[in-house]
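Colleague: I have this model open at the bench and would like a close look at one single part of it. Please choose a stretch that is worth following residue by residue, and set it in its surroundings.

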Amino acid sequence: MSFLNVAKQFAKSVDDLALGITVVQENDDFTPAGQWAEMTMLSHDFDSLGKSGAGDEQSGICQISLFDAATGTLQGSLLGIADAINAGFRHGAEFSDFTDTVFIQRVTRNAGRVSGGFYQIDLSIYWTSYTDR
Amino acid sequence: MTDNTQTVSPDGFASALNKILERFDLQNIESADLVMRETTKNMFGSIIEDTPVGDFDPAHAGTLKGGWEITTGSAYSGLTGRMTPRRTRKGLRIPRLITKQGSKDIYLTNNVPYINVAEYGGYKKNPKLGTLDKRTGRYVIRSKGGFSKQAPKGMVRKNMAKAGHFLTEAANKVLKG
């Protein structure tokens, strides 16, 4: 699976969750307001599975950052969205809308914090995929 | 009974066996410690090497890399004040982690205030001038729609996710070496 297909797969899978907030991709041009989510594909690792065998195993992290412009209010709303994402990307979930399959390993979240004037919670989705050569 | 014959009593046999087991035990402890130290050095080293240098301000370049501190027992709570833009795993000193008395917890901590921004990214509300590039003396607007954006680097998570690889590599190096 290519970089592009993995990113497209996550974009589609998050879109399918119908979170009800604006979801932007990395390097998207948009003006933040209210609540929104931004998706970033962090760097991938490759492990060769043999010279002429099944191909390469890729693994990486899809980060979904949840933002709220209204700092100083309760975090419950963002946590509800975090729960929806967590439920959609449970361990063992598989997505195969673009050529190969993306396997979900786990989802983690960091502690919420106010960063640059926005309340922010980050979710990290650890994934694996395989490429046939 | 001839002079060169020795009788091993049940007690003597137990004592000899104990000595052998103790020697094996010490060897295993030594090997386990070497594997853990090698694993830790490569994992912590990768995190430090992947930490951004901050090339916009030469006077502070390497603050984030230098901010990593290795401690045992508890996490570091201060600021190192080090600026080491070229810091790599080569200079890291990992203490003994596994001894006969037990094992130690080891921590890698960074308390520089913007470490979370480097790891997770973030926005800044209403930046006024943009970021000053001290090399050129110009302010560079790196924002979208009036909001400055810094992309995540993920130096901690991506290396922690490779813990198994670091352990395998260390075990292969130490136990086959």
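Modeller: Happy to. A residue counts as buried under 20% relative accessible area, exposed over 50% and partly exposed in between, with a 1.4 Å probe and protein chains only as cover. By that rule, 30% of the 177 residues of chain B are buried, and in chain A the buried share is 43% of 133 residues.

This is a predicted model, so local features need pLDDT of at least 70 and side-chain atom pairs count only at pLDDT 80 or more, while totals for chains, interfaces and linings use all residues. Residues are numbered from 1 along each chain as its sequence is written, chains are lettered from A and ligands numbered from 1 in the order written, and side-chain values use heavy atoms, with hydrogens and water left out.

The part I would choose is strand S8 of chain A, residues 118-131. To place it, chain A has two helices and eight strands (DSSP runs numbered from the N terminus: H or I of at least four residues for helices, E of at least two for strands). Their order from the N terminus is α-β-β-β-β-α-β-β-β-β. The C-alpha trace of this chain spans about 55 × 30 × 25 Å along its principal axes.

How covered is S8(A)? Of its 14 residues, 13 are buried, so by the definition above the strand is mostly covered.

Next, its partners (strands pair if DSSP finds at least two bridges between them). S4(A) lies antiparallel to S8(A), with 13 bridges in the pairing; one of the matched pairs is Leu66(A) with Ile121(A). S6(A) is also antiparallel to S8(A), through seven bridges, and here Val107(A) has Ile125(A) as its bridge partner. Strand S7(A), residues 113-115, adds an antiparallel pairing of three bridges, in which Arg113(A) is matched with Gln120(A). S7(A) and S8(A) make a hairpin with two residues between them, and Gly116(A) in that turn has a positive phi of about 60 degrees.

Now for the packing. A nonpolar core here is a set of buried Ala, Val, Leu, Ile, Met, Phe, Trp, Tyr and Cys residues joined through side-chain atoms within 4.5 Å. The largest one has 24 residues, and Ile125(A) is among those with the most contacts inside it, along with Phe10(A), Ile64(A), Leu66(A), Ile85(A), Phe89(A) and Ile104(A). Helices H1 and H2 of chain A, and its strands S2, S4, S6 and S8, each supply at least two residues of this core. S8(A) gives the largest share, five residues.

Phe89(A) shows how this core reaches the strand. Beyond its neighbours within four places in sequence, Phe89(A) is in contact (heavy atoms within 4.5 Å) with Ile125(A), and also with Phe10(A), Ser13(A), Val14(A), Leu17(A), Phe95(A), Ile104(A) and Val107(A). There is also a second, separate core of 14 residues, which includes Leu64(B), Trp68(B), Leu97(B) and Met155(B).

For context, chain B has five helices and nine strands. Among contacts between residues at least 6 apart in sequence, 60% in chain A join residues at least 24 apart; for chain B that share is 70%.

If you keep one residue in view, I suggest Ile125(A): it is the bridge partner of Val107(A) and one of the residues with the most contacts inside the largest core.
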